[in-house]
Every structure is written in C-alpha cells, then in structure tokens.
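This report introduces selected features of the structure shown below. Readers may wish to keep the display open while reading.

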Amino acid sequence: MKLRLKTFAAALVTAGLSASVSAAAEETIKVGMMSPNTGPFAVIGEDVRNGFQLYVDEIGGMAAGAKLEVIFEDTQAKPDVGLTKIKKLVESDGVNFVGGIVSSSVAYALRDYMVEKNVPLVVSVASADGLTQQLAAPNIFRTNSSGSQASHPFGKWLFEQGYKRVVMIAPGYAMGFEQTGGIARTFTEAGGEVIQSLYPPLGTADYAPFLTSLKIDEADAVVAVFAGSEAIKFVKQFEEYGLKGTIPLVGTSLLTDDLILGQQGDSALGIVTASHYSSALDTPGNAAFVKAYREKYDRSPTLYSEGSYVTAKAIHMAIEALGGDLSDPAKVNEALAAVSFDSPRGPFKFDGYNSPVHDIYAFEVKRKDGELVNEPIERFEAVSQFYTWSPEDYMAMKPYRDIANDWAK
Amino acid sequence: MSAQAVDVDNVVMQFGGLRAVDGVSLRVGVGERRVLLGPNGAGKTTLFNMIGGQLQPTSGAVRLFGQDVSRQNPYRRAHDGLARTFQITSLFPDMTVGENLHLAVRALSASRFGMIRPASQYPRIAERVADVLAEWRFPAGADTLVSNLSYGDQRKLELAMAVANRPRILLLDEPTSGLSATETESVVGLIKGLPEDVTVIVVEHDMDVAFAVADLFTILHNGRLVTTGTAAEVQANEDIQRIYFGEGE
Amino acid sequence: MAFYTIQILNGLSLAMLLFLIASGLSVIFGLMRIINLAHGSFYLLGGYFGLSVLNQTGNFWLAILVAAAIVAAIGMVLQRVLLERVHGNELGQVLMSFGVLLVISDLALWFWGGLPQTLDRPDFLDGALRFAGLFFPKYRVALIVCGFAVALAIWLIIERTRIGAVIRAGVDDAEMVRAIGFDIKMVFLLVFGAGAALAGAAGVLGGAMLGIYPGADFEVVLQAFAVVVIGGLGSLRGAFVGSLLIGFSDTIGKALLPEFAMFTIFVPMVAMLVIRPEGLFGRA
Amino acid sequence: MREISQMKPSLVAGALAVAAFAAAAALGGLLSSYSTGLLIDCLIFSVLALGLNLLLGQTGLPSLGHAAYFGVGAYTAGLVMLHVSDSFWWGAAAAIATSMAVGAAYGLLALRTSGVYFLIITLALGQITFAIAFSWRSLTGGDDGLRGIGRPDLGLPGLNVDTTAGYYLLALTAAAAALLLMRLIVRSPFGEALRGIHQNSDRMAALGYNVWLYKFLAFVISAGFAGWAGVIFVYYKGFISPEAVGIVVSAEVTLMVIVGGAGTLIGPFLGAFLVVFMSHVVSGYTDRWLTVLGLLYICVMLFAPKGIVTLVGDAWRARRSA
C-alpha cells in the first residue's frame, strides 16, 4: 500500500516537472538565481533579484546572440532547501550558470555539489571566507567582498586615525567573527589593542545588556558588525544608552548599509564603516547605475543589488568572450575567471582564487540633500581577499571563525 | 500470625484543605468478601485508590499480604495479585472486546515487552482470552469495538478484565451501577462464583447486592470508619441508619 | 554598582514588554486551554498596523489604540472561526496556530515588505535620563511604568469586577460558569480579544524599542511561552513574576555569561518544567 | 484448511509489497535525477515521521522537538565520516546509538511532564539542541555546519550510492526496512500496550503495565528512527547545519504525521510526501508558498484532524455500510 502511494506521489512529482525538463532549446542560455524570498532575509533576496534583472534588461535579455533566460528560486535561507533547489536548476532546468546566494551556510552546503557538477556558481552576497580560500575551486566565484576583505585595510587605517584601544561587538557566528577578525588582525599588528570582544547570539532581541557591558571607559572606539534588523536595533540603542557622541562607532558596512540606513535615521550619523560599495560612490559607472536602479525600483541600490548586478555582468562578459559557446566547462570557468570590467563600484576583476580584487572604501554616514548616505572618506586601492599577504601565507593562518575569542587582551 | 490480604493502617489522604480519608484502618482476611458502604463523599473511592495505588496516602500504610506497598506503583501491586475495576467504566474504547482482554491477560505475562512477534501469535494468551470469552459470553462478539458495546456489556467487560488474570485480591468499585435488574443479578452471580481464596472488596450502593455478595460490611462516613459488622448488625445500628439511610434522601 | 543598576533597569524594561504579551497568553490558556502560537503574530501585526497609523498621522497614542483595536478584532475572528473548532485538541491547536503564524507572517512580509522598521516614539520620550552619572533611555522608563500600570489594571479587573469574577470562575471550571447562566463563549471571545489587544499594543510599544521585522513574531512568542511556563499556565500573577524572572535572567545572564546567551531562555524553562511542571503559581 | 485460508491474504499482501517495492525501485531509473532526489527527500522525512508517529500516534505523546534526534543522528554520522571511518554501518550504528542516548536523556526529563507541558518541554529541549549545534563550533562547525561529508561505503558490491539513482535505492531500502521494523513493533505486544496507554493509561497501570517504562522506551525507539533518518539525510546531502535541528523542522514533521494520519503506518509516508512536495514544488510557482503551507496546517486541523488516511478510511467504510 505504502509503496503504491509512493509511486503515485512520484508520478505527481514527474508530472509537475516534465514541462521544465523538456525545454532545453539550443539558443537559450539559462541562468539560475538563488535567493531567499521568504523569511527574515527576503528583503536582501529582493535586492539580489532586482540587481540581476536590471542588468539582464540593460542587455535586452540577450548574450552573444542567444536568449538569456533567468530562473529564480527561493532558497528560504535554508541550506537543505538551497541544495534541493540548486539540484532542480542544474539537473532539471539544465542551467549554464548559477548566481545569487545570500547565506553563507547555504553557500557552503552547495559548494561540493557544484564542484562535482562543474557548473559555475557566482555567489553575489554570501561572504564566508572559506569559499574562495581553503575551499576555492575553478567554478566557484564571488562578486562581493569576502568576510574579512574590507576589514583588513580598515583595521590598519583605524590605528592610523589615532585609535589605540577598541572594544568589539559582533553577532556570534561566522560573519561576525570574520568581519571583526580582519579588523582585529591588522589593527593589532599595527600596534593597537583589542580590550574586549562580545558576541551576542543570532536572534538577540535586545542589545541593552551587551551595550551596557562594553568597557567604553577604557576604549577609544567601538567596533561593531551587525546586519539587518540587528544593525538597526544596535545603532538605535547605541544612541539611546548615551554612547553616541561619547565614543566613536565604527564597523563594516552592513552596520549602516543603504538598505537600513533610512530606518536608523539620525542615530547613524557619524558612523564610519568599510566596504567596496555604497550608492554614494563617485565612480564613472555608479551614477548611471543608481539612476537606472531608482527609476526601475524606486529606491537606492545597495551593495546586495550591486553585487548581483556585477554577477550578471561577469556572466555576460564570459558568455561574450566565448562567443556563446558554453560546451566546454573548463573554458567557461576560465573565461569567467578572466573577465575584467568597470562596474558601479569601480574596476572589477577576479584574483587567482575567483574572489574580487576591487577598491575598498571607508564610508561615513552623513546627511546630504536631506538624505542619509554612506559618503566615501578614504579609498584603499585594488584590495584582494589576501590583502598584503601571499595566498599561501594567508591560508596558513587559522581561519577567523576559529579564533574569535583570542583577540581581546 | 497469618497476614491479612489487605491491611490498611491508619491512612490519611489530604487534598489541599480537604481530608478525604482521615485515619482509616481496615483489615480484610484472605478469601473474605467485604463491602464498603457510605454516602457519596464518604471516602470509599479514595480508599480504593490508595489500596490500588492510584493514590499514595499522605500518611499511614497499606499492606498486601503483609507487605508494605504504600509507595508502590499500581502496576507493581497488580503483579502482587491485585486487580480492580473502576466506578466510571475504564476500558480501551477504540479496541475490540478481544483486544481489551488481550491487554488484560498479557499484563502479567513476560511477553508484554515483546517487540517482534505479532501480539496475535502468542497461543497461551490467545487461549486464555478464548477461555474468558467463553466464560463471560459477549453476545456482540469478540470483534466488536468497545465503544459500540452496550453499557451493560461494558460493565461486564470491566469485570472480566479484572478477573482475567485470576487475582488474589479484587477491588470492585460499584460494579452494578447503572445496570438493569437482570444484569445486576448476573454480576452478583459472577462475583459469588469467584474462587473461594480470592479476597474481594466491593464498593456498593445497592443494599440488596451488598447483602448478597458479602458477609461483613464496613461503613465510612466523612472520611472516617464508623463501624464494621454483619448484615444484621449494620441493619440494627441506629447511627448507621441515620447516616446512611436517613439523611441522604 | 552602576553596572547592576543599569542591568536591573534593562531587565525590568524587557520584563514589562514580555508581561504585556505573556499576560494575555496565560489568561487565554487558563480560561480556554488554547495553546496559541499565533499570539506572536498579534505582536507583529500590532507593530505593523501601528507603523502604518504612525506614518499617516504621526500620533503614537492613536497608533497604539488603532493597532490594539484591529488586532483584537483579528484575534476574535481567529478564535471564533478557527481555534474554537479544535477545542480540547492541544496538538491540533498548536499546529493550527502555527499555520496561522505562517500565514500572517508571510502576508505581513508581502504587505509591509521585509525591511526592518522602527516606530518613531513621541518626542518627549526620546533621549536618555541622567542620574548619578548613569544613562538610561526615557522610553524604557516609560515602558516600565506602563507595564506596572497595565499589570495593576488587569489585576483590578480580574479581582474586583464582575467580569473578572466570571473569568476567575471560568478558569476554575468553565462548565460551572455556563451552568450559572453566563454565556461562556462570549466570555472566551472577549478575553481572547483583550489578550490579542494587549499583544497588539505591545507590538507598537516594542516596535518603538526593538523595531518590527519579519521573524519578530516567533522570537516574541517563544519568550512569552517561557514566561508563561515558568509562572504557571493560566496564572496572571505567574505571568508577572515569570516576566520579571525571564527579563532578569535573560539580561543579566547575557551581561555576565555572554557565551551562553542562547541558553538563557530555554534552560530555565526546562529546569522549571522538570522540577515543578505546573510552574510557580500554576495548579497541577 | 483453515490455516491456508488464513495465510492466503498475508501471502498476497507480501507479494504485493514486494511488487510495489520493485516498482518503486525501478522508478529510480526512469525518473530524472532531480525528481529522484526529491523522492529521496520524501523518503528521509517519511522515516522521521514514522518514528515520531510511534510517540504521537501510537502512544499519544505530542513531541514538538523531534528534529533534535534527527539532527543528532545526522551530526554523528557526519562526524564519523569526517573523522573516523567512511563505513556506512559504523556511521549508522554510532548515529542511531547517539540519537537513542540523547532520546533517553531527554525522555527522562520530558516524561516528568504530561499533556501540554510535554509539548512545551520537548519544544524547549529541541531549541536547546539547536543552540548547542549552533554554539559548539569546534564540534559542529557552528552556523556553517559540517560539510564535505562524502557518500558512505556500504561494503556491498554492485551498489553504487554515488549516483542519485543508486542512493535512491539505499534510501528506499532504508525506508522499507524502517517500515517493516515499525510494522513489527506496532503489531507486537509492546505496540499494543502503547495503544492501550494512549487510550487509557490509568487502566493500563491498574492491569499491571509499567506505563512510564513503555513511554520511555517508545521515546527512545522513536529517537532511534529519527537518528536513522538523519543518517540517510546527511550522507545524501553531504552536509548538516543547525537549521535541520530547529523548530521549523520539528513542526513540519509533526504536520506530516497528522496530515497523513497519526497512528497509521502509511500516514507518515503520505504526509511526508505531501509536505515535501508542497514546499518544493509550490514554492517554484509562487513566492507566497508559506501562506499555502500555513493554510495546509489550518485546513488539515479543520477538516481532517485525524489525517487523510483515516479520513479516506472512514469515508470508505461509510460508503460500504450505506
């Protein structure tokens, strides 16, 4: 009985999918886009889809004379679901590229499968260092900074700005560990000192107990790394508890990214952060990008949408370079790895490990024409994920996620 | 000195501010038939629950065949030879008559933890169930769901399950409540037909039934034991007349 | 010393927010035996409706009123149309209310977007109080006062009014209330609505303190459940004491043992269930 | 003569079951690898639901934290693969044993409560397990989870589980084995006693059954099935992360059991297929699939609180008797 039911269910599954299985025409190049459409990360997923769609529309949905078909799938920000969805894209839809991916845990879960299938995976948001370091593979790419990429020049720069002692606070998982770790390493190597590190867990409703435990009396600055709703809460509570104005708040750009800056309001003014993109960047490509994005989606682009836009552009450039012939996977990977172009964030190319080499900026939150913006105040040219180290030396060091509690003296 | 089958020694049961049983002592010899009498709220069912293990006394002791079982779980007492019925029919409503009896018969068998062989393939248990069925005769048949059984048959099954394992002590909580005259008569016959060495304690409201099944009667009132005596003594005692027959109506 | 003063105030403010949510949850359970996971959705919806009103009118108090009213109405419909049908089936209630939670959170995401939002508080509550060299946000002080006031008001209603007497009787024995001639279903409906309204108002108040965002519903309902379990299901006094305990254990636990922050809610909850399953003030 | 007529139906049923298994096995070769992969997902959750059903359906203990044992099994099998041995049998044995040990520890705590408190304590224990998986980075990899877990070595020549079709055979066999074992358990005196406890635990105690011990054993066995599901899961996915341990999975499995029909053997399979199918296929068509899933929860509780299998069974009987 049970087995017959199973057969029946299987038949249902097949029926539901047969339509998509058969549609593999020659002149169509398919790209799968994976992003969370539901749950707390849905808003980032939306930016990812928008950025990608904007670029595809700009090139009229064509690449090297072939029609570019984009298939969007919801990862639900769950690794298990992500794996099933990417199997659908690869095995059932037969996509030539996969882009997107917001959560690092999803990226890690897909990585082995994609390496086995040798279909290019261009990660747009997920920042886990390991993906393009210890786990680097010819077909795994990323277009946004790796977790600690922007932190490295920033940590040294902070020391140069006169900060000698800092306290660090970040969410207690890989993202927080990598982004603060990068700052801590170059900051302490320059001679600075981390006197305290706190890692509130994911889903902390109230930062008050942590904020009031920070040893601000002994520190010159607070280094904070949060994202999304946590960043809003943290920045607002930082002001409520009277810390704003008494001690500088610095961090990585998720803390005040363009998505949440409006919600943070004036409490974010003066915060200094580092990353490779803000909509206020003054590069040749950015003005047009921001204008087009605003016209189409009625809001400012973010580093999520820009990362996804760059993903689309990198894929497009690779297809053009191959003249539309995607038959040899090795050549496709090589073509992707070799792309180099001007993007909204400035010059873009991959390093030998398929992670971007691009300019990193320090931004300060300012009010400009009535709107809050992340205004660039310093530029660090052509920074790779390995900063000034050689890849071998760098990867010989322990990953940041394993040494989070070792920084504070 | 020969141990009593049931020896209740000065037990107290306290529920918050209420003392449901207040220092009752009761000794019932092996093979004796005893009826507990008393108005509603006298503490009869509470006393039963302490003997059966459903409740543990606040103070005092309960001994079965000389062994202190005051803190023992009901299932341990069942293995010591105690069986009971409940005032409100307590069966397995979504199982058949046969399955109910299976559960009852198997309760004391070593196979009750068996996990591999189907429950239906234990010949000795099936045989015993068949015997009980033959003895008690359920007209609706062994495959009837208990929830579809008539009330009378449910009471009968309640009793059959209690005696299926040939207990040494049997507690019957109002076995004839809600039964018709003929049904009551057959239950009385069944109780009287139990082997002589079985100790039986019955809570009963129906005086005719009480006098038919027992020799000695214990009267409870407001959680206390009033007296124990023969039918004649009980009928003659004025206090009892007042407590039991006078005020209730 | 200053450190502990601040942490105690932090704990109090979180406790009062929790109490607004947990009191309704607890009384609803005591009266109707409903395990309502969608109580977190009331909080979420309250926050979002409050936000919409605030964006239209700029009036914080109106936002609280309107949010509470709308959420109460939604709650009553939910109770009548759905939850009452699974009365007596605990698992059924849990799963049905989980379904409601999913639907409401998804529709809220659709309607209000996934961007975390904050509610602007009234100007006079912005900023911080300074005393003895300490800094404490005015808004949290107001929240603490408000929490105590609401607790007192609920206590007065339940202990001193006729409807309160009916509710108390209903918690003891719903059948009896029916027998006396009260329309117990109406009492259920009103209490459910009131509990939903409190949670809705808490959404506005909490939204101005912690922000409102997808996922807040589930965070809040888990904490509220911890409160109710520790205090004792069905006990108002328990909800109050439980809120204080969870508020303090959560804040002070996080301040002292940040590395165990993920355990500050559930470990006390399990410990209480094991040691005293009926909670501090519940009945067995 | 009587014996032959008694044996006949079971022979027919056996033959049908073998034929059905063969048909299901053949399906793996016919379907696309993606569809086969979805079937593997369905089978994994079927086994998990089957295990929960022993508690929920048979014994009447509503556990809301079953993802914990699933996760413990998956993490253990994953760790064995990464650090000890690539043998399927070692991994599976360690995983099931660990799941059952955790089930025993949690069972000791949870069985101090009953009814709604049981529901809440299992939920809380599940969340604690999630927090451990998330925080114990050196063992579990924290939020990134464990990855790089390869396909196991079964030591059976001729079965290549590196392919989806091959793994499907393994998953199908694993599910069939779980079903057969569960069938034995529920039909055994032990299973009968669990049903008795579900319907009337006071009477069971009065009859002489150690009710607590039965519940405890059911809890532990149920955790073992969950661990087995975790084994099949982790070797298939190649990774495990805290999400698999969380409340959402626990609630979904409970839903599967109820949708299909608690207390039946086919119910958990039907429920698992339906829910997995829903969340993967419907989400391909609409972003509002969570609403659809939520409505499924609501509708099942409203219209088929005893599950589809029971609903269909009742309707069938009603038609026959009409």
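## The annotated stretch of chain A

Over residues 28-369 of chain A, how much of the chain is helix and how much is strand, and how far apart are the end C-alpha atoms? The model is a predicted one. Within it, residues 28-369 of chain A are 39% helix and 22% strand, and the C-alpha atoms at the two ends are 45 Å apart. UniProt, in an unreviewed entry, places the feature "domain: Leucine-binding protein" at these residues of chain A.

## The sheet of chain A

Chain A contains an open sheet of 6 strands with mixed pairing. The strand order is S2-S3-S1-S4-S5-S6. The edges are taken by strand S2 (62-63) and strand S6 (140-142) of chain A. Each of these has a single partner strand, so one side of each is left without a neighbour in the sheet.

The partner of S2(A) is strand S3 (residues 66-74) of chain A, and the two pair in the antiparallel sense over 2 bridges. Ala63(A) stands opposite Ala66(A), which belongs to S3(A). Helix H2 (residues 42-58) of chain A packs on the sheet. H2 touches strand S1 (28-35), S3 and strand S4 (97-100) of chain A, and its direction makes about 160 degrees with that of S1(A).

## The sheet of chain B

In chain B, an open sheet of 6 strands has the order S6-S7-S8-S3-S9-S10, again with mixed pairing. Strand S6 (82-84) and strand S10 (224-230) of chain B stand at the edges. Because each has a single partner strand, one side of each lacks a neighbour in the sheet. From one strand to the next, the twist averages 20 degrees.

Strand S9 (residues 216-221) of chain B runs antiparallel to S10(B), and 6 bridges join the two. His221(B) has Arg224(B) in S10(B) as its bridge partner.

Two helices that pack on this sheet are described here. Helix H1 (residues 44-52) of chain B touches strand S3 (33-37), S6, strand S7 (169-173), strand S8 (199-203) and S9 of chain B. The direction of H1 makes about 150 degrees with that of S7(B). Helix H5 (residues 151-163) of chain B touches S6 and S7 of chain B, and its direction makes about 165 degrees with that of S7(B).

## A helix pair in chain D

The axes of helix H7 (residues 164-187) and helix H8 (residues 189-199) of chain D come within 4 Å and cross at roughly 65 degrees. H7(D) contributes Ile185(D), Val186(D) and Arg187(D) to the contact. From H8(D) come Pro189(D), Phe190(D), Gly191(D), Glu192(D) and Arg195(D). The residues of this contact divide into 4 nonpolar, 1 polar and 3 charged.

Definitions and conventions
Residues numbered from 1 in each chain as written. Chains lettered and ligands numbered in written order. Predicted model: local features only at pLDDT ≥ 70, side-chain atom pairs only at ≥ 80, totals over all residues. Heavy atoms only, no water. Axes fitted to C-alpha atoms, helices over the stretch in contact; angles between N-to-C directions. Contact = heavy atoms within 4.5 Å. Nonpolar A, V, L, I, M, F, W, Y, C, P; charged D, E, K, R; others polar. Pairing = 2+ DSSP bridges. UniProt positions renumbered as here; feature names shortened; annotations may be inferred.
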